[in-house]
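The questions that follow ask how particular labels are earned in a protein model, and each answer sets a value against the criterion behind the label.

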Amino acid sequence: MSTSFASRYGPWTLVTGASKGLGAEFCRQLAASGLNIVMVASHEDALLDESAAIERQYGVKTRPITLDLADDGSITRLGRLTADLDITLLVSNAAMSDVGPFLKATPEYLENQVRVNALACTLLARHYGALMAKQRRGGIILMSSGTAQHGTPYSANYAATKAFNLILAESLWYEFRPHKVDVLGVMAGATRTEGWLANHPKPNWRVPIMGVKPVVAAALRALGRRPRVSPGIMNHLGYAALSWKTRGRAVKSVGASMEKMFGPYA
């Protein structure tokens with residue numbers, strides 16, 4: 001990224017889910033461009049380790065904040081803890097993404113998943129988007145998924161939250177343009193993260209799996225240029241192929257793939 005990125009979206013960015021996976025990679029690439037980072041995550045030890053490593057390597061300031069986005073009032077608390085900072089870039093990345101039959105998930109888990117994946121995303125965009133609009137500059141990245149385009153058996157609630165995030169991002173892309181605030185929805189496909197590996201995908205099932213570096217790089221390149229991005233040519237082609245099928249056929253195809261990759265669940 002050029003120095004113009006930092007001048008456009010600096011001096012401070014806020015990244016949720018910042019202690020590992022895509023969130024940690026966003027922090028690293030943004031720090032490399034010279035941005036200071038508010039790093040938000042629920043796992044304190046991993047968060048503090050990642051924060052210290054980024055400060056040592058890139059010479060930027062970080063503010064690690066341990067916070068569970070599923071808690072009532074978490075965004076209000078986060079707003080208070082960052083009120084002294086000029087945050088002009090938000091990366092809403094935190095998500096709960098367990099794979100398995102819908103009926104095996106507890107009601108509590110499903111509620112928390114909606115809170116973290118969708119409600120927190122909405123309230124973050126509202127709070128920090130308003131601050132950016134007043135300054136007439138800034139950017140917001142909302143992490144979505146390829147599952148946002150169609151029903152995804154065995155990730156039903158997750159897919160629903162990611163569809164919510166994608167529509168929110170596209171809508172705000174238009175609404176925030178007069179305020180000079182760029183908004184982007186990122187439809188990440190299968191990405192090699194700790195969360196993805198925790199679902200125990202079968203090693204012999206062939207699916208395009210991306211690393212975190214190219215996904216984040218594609219997202220940062222697309223910010224300010226379009227309302228959504230699908231990192232990875234194979235993911236892009238796969239989503240396009242599904243779009244030509246009827247909804248029923250697309251869901252059946254995705255369900256069969258999920259069973260081969262993670263199941264069987266019957």
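Q: What makes the pairing of the side chains of Glu25 and Arg28 a polar contact?
A: In this predicted model, the side chains of Glu25 and Arg28 are joined at 3.0 Å, and because a polar contact requires a pair of N or O atoms within 3.5 Å, this pair meets the distance criterion. The side chains of Glu25 and Gln29 are joined by a polar contact as well, at 2.8 Å.

Q: Why is Glu25 called buried or exposed?
A: Glu25, which is found in helix H2, has a relative accessibility of 5%, and because buried means under 20%, the residue is classed as buried. Leaving aside neighbours within four places in sequence, Glu25 is in contact with Val212, Lys213 and Val216.

Q: What makes H2 a mostly covered helix?
A: Of the 12 residues of H2, 10 are buried, among them Gly21, Leu22, Phe26, Cys27 and Leu30. The helix covers residues 21-32 and reaches 17 Å from its first C-alpha to its last, close to the 16 Å expected at 1.5 Å a residue. Just after H2, Gly34 takes a positive phi of about 100°.

Q: How do you know how H4 and H5 are placed relative to each other?
A: The axes of helix H4 (residues 74-81) and helix H5 (residues 107-135) come within 10 Å and cross at roughly 35°, and H4 passes H5 in a right-handed crossing. In the contact, Ile75, Leu78 and Gly79 of H4 meet Ala120, Leu123, Leu124, His127 and Tyr128 of H5. These contact residues divide into six nonpolar, two polar and no charged.

Q: Why is Leu78 counted as buried or exposed?
A: The relative accessibility of Leu78 is 0%, and since buried means under 20%, Leu78 counts as buried. Leu78 has its place in helix H4 and, not counting residues up to four places away in sequence, touches Leu14, Val40, Ile65, Leu67, Leu124 and Tyr128. Of these partners, Leu124 is 46 residues apart from Leu78 in sequence and 9.1 Å apart in space, C-alpha to C-alpha.

Q: Why is Thr161 called buried or exposed, and what lies close to its side chain?
A: Thr161, found in helix H6 (residues 156-175), has a relative accessible area of 4%, and because the cut-off for buried is under 20%, Thr161 is buried. A polar atom of the Thr161 side chain lies 2.6 Å from the backbone oxygen of Tyr158. Not counting residues up to four places away in sequence, Thr161 touches Gln113, Val114, Asn117 and Ala118.

Q: What do the buried residues of H6 pack against?
A: They pack against H5, strand E5 (138-145), strand E6 (181-188) and strand E7 (228-229), and they include Asn157, Tyr158, Lys162, Asn165 and Leu172. H6 itself has 20 residues and reaches 29 Å from its first C-alpha to its last, close to the 28 Å expected at 1.5 Å a residue.

Q: Why is Leu166 classed as buried or exposed?
A: Leu166, which lies in helix H6, has 3% relative accessibility, and because buried means under 20%, Leu166 counts as buried. Not counting residues up to four places away in sequence, Leu166 touches Ser144, Ala148, Gly185, Met187 and Arg228. Leu166 and Gly185 are 19 residues apart in sequence and 5.4 Å apart in space, C-alpha to C-alpha.

Q: Why is Lys180 called exposed or buried?
A: Lys180 has 51% relative accessibility, and because exposed means over 50%, Lys180 counts as exposed. The residue sits in the loop between H6 and E6, and its phi is near 65°, a positive value in a residue other than glycine.

Q: What is the phi of Tyr154, and where does this residue lie?
A: Tyr154 has a positive phi of about 75° although it is not a glycine, and it lies in the loop between E5 and H6.

Q: What kind of peptide bond joins Gly10 and Pro11?
A: The bond is cis, with omega at about 10°, and Pro11 is found in the loop between helix H1 (3-9) and strand E1 (12-16).

Methods. Residues are numbered from 1 along each chain as its sequence is written. This is a predicted model: local features need pLDDT of at least 70, side-chain atom pairs count only at pLDDT 80 or more; totals for chains, interfaces and linings use all residues. Side-chain values use heavy atoms; hydrogens and water are left out. Helices (H or I, at least four residues) and strands (E, at least two) are DSSP runs, numbered from the N terminus. The expected span of a helix is 1.5 Å times one less than its number of residues. Buried means under 20% relative accessible area, exposed over 50%, partly exposed in between (1.4 Å probe, protein chains only). Axes are lines fitted to C-alpha atoms, for helices over the stretch in contact, and angles run from 0 to 180 degrees between N-to-C directions. A crossing is left-handed if the near helix is turned anticlockwise from the far one by less than a right angle, and right-handed if clockwise. Contact means heavy atoms within 4.5 Å. Ala, Val, Leu, Ile, Met, Phe, Trp, Tyr, Cys and Pro count as nonpolar, Asp, Glu, Lys and Arg as charged, and the others, Gly among them, as polar. A polar contact is a pair of N or O atoms within 3.5 Å; within protein, one must be able to donate a hydrogen and the other to accept it, and residues adjacent in sequence count only if both atoms are side-chain atoms.
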